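The following exercises are meant to be worked through slowly, with the sequence and the 3D structure at hand. Try each task before reading its solution.

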Amino acid sequence: AVLGHGLPVIEVGKLFVKICSACLKQENAIGIYTSGTVFEPEFYIKASTMMCEGDLPLFNWLYFGLYQTENGLNGYTYGMTAFGKEEIEVLESRLSPQDLRNFIFDIAYYVLDGDVTLNDGDTIGFSEEQKLKITRSEGVAVDKDSLKIELE
């Protein structure tokens, strides 16, 4: 654990990733349990290199889950609550797995990078014309409430 003592949670999170990456370079390191899953050292270290380019290490902080149902592909985040944000879910999408994961990644990045709070009834989009409705309701793949983003 890293205690921030008043530092912004994003900065504390970056320090945590740096420390964990250094520990994972040890010869006998076999993995790290974070964001509800176990990551191989090579994956975690490679994901942390995003910080070298000034980007947030979202793949170190969040788990992006995908699962299929008869009504479409669903996706969710796990780990947003560590940053004081609500988890994000997209239900019954027709996107490819990669496109859905990228879509959720972009929304999560926007929220964390800009310290944005999304609210029930808001809309979000990646262009002036795109207005995707946001609804807060009981989580489907996550505990507690989550923010559902409607793609259609």
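In this predicted model, Glu89 stands opposite Lys148, a residue of strand β8.

**Exercise 1. Find out which strands pair with β8, and in which sense each pairing runs.**

Solution. Begin with the pair Glu89 and Lys148, which face each other, the latter in β8. Strand β5 covers residues 88–93, and its pairing with β8 is parallel, over two bridges. Next, turn to strand β7, residues 132–138, which pairs with β8 in the antiparallel sense over five bridges. Two pairs of residues help to trace this second pairing: Arg136 stands opposite Leu147 in β8, and Ser137 has Ser146 of β8 as its bridge partner. Finally, look at the hairpin of β7 and β8, where six residues lie between the strands and where Lys144 takes a positive phi near 65°.

**Exercise 2. State which strand pairs with β7 in the antiparallel sense over two bridges, and name the bridge partner of Thr123.**

Solution. The strand to look for is β6, which consists of residues 123–124 and pairs with β7 in the antiparallel sense over two bridges. Thr123 can then be followed across to β7, where its bridge partner is Lys133.

**Exercise 3. Decide whether β8 is largely enclosed, and then describe the surroundings of Glu150.**

Solution. The first step is to count buried residues, where buried means under 20% relative accessible area. In β8, four of the five residues are buried, so the strand is largely enclosed by the rest of the structure. The second step moves to Glu150, which is found in the segment after β8, the strand itself being residues 145–149. Glu150 has a relative accessible area of 38%, and therefore counts as partly exposed. When neighbours within four places in sequence are left aside, Glu150 is in contact with Leu132, Lys133 and Thr135. As a last step, compare sequence with space: Glu150 and Asp115 are 35 residues apart in sequence, while their C-alpha atoms are 21 Å apart.

**Exercise 4. Is Ser48 buried or exposed, and which residues is it in contact with?**

Solution. First locate Ser48, which lies in helix α2, made of residues 41–48. Because its relative accessibility is 10%, Ser48 counts as buried. Then set aside the neighbours within four places in sequence, and the contacts of Ser48 are Val17, Ser21 and Asn60.

**Exercise 5. Describe the protein chain as a whole, beginning with its elements and ending with its charges.**

Solution. Start by listing the elements, which are four helices and eight strands, and which run from the N terminus in the order α-β-β-α-α-β-β-β-α-β-β-β. Then consider the dimensions: the C-alpha atoms fill a box of roughly 45 × 35 × 30 Å along the principal axes. A compact globule of 152 residues would have a radius of gyration near 15 Å, and because the protein chain has 16 Å, the two agree. Of the 152 residues, 40% count as buried, and the accessible surface comes to about 9100 Å², of which 50% belongs to carbon and sulfur atoms. Among contacts between residues at least 6 apart in sequence, 42% join residues at least 24 apart. To finish, take the 12 positive and 24 negative charges of the protein chain, whose mean positions are 3 Å apart.

Methods:
Residues numbered from 1 in each chain as written. Predicted model: local features only at pLDDT ≥ 70, side-chain atom pairs only at ≥ 80, totals over all residues. Heavy atoms only, no water. Buried < 20%, exposed > 50% of the residue type's maximum accessible area, 1.4 Å probe, protein only. Contact = heavy atoms within 4.5 Å. Rg over C-alpha atoms; globule rule 2.2 N^0.38 Å. Areas by Shrake-Rupley, 256 points an atom, 1.4 Å probe, with all protein chains shown as cover. Lys, Arg positive; Asp, Glu negative; His and termini not counted. Charge placed at Lys NZ, Arg CZ, Asp CG, Glu CD. Pairing = 2+ DSSP bridges.
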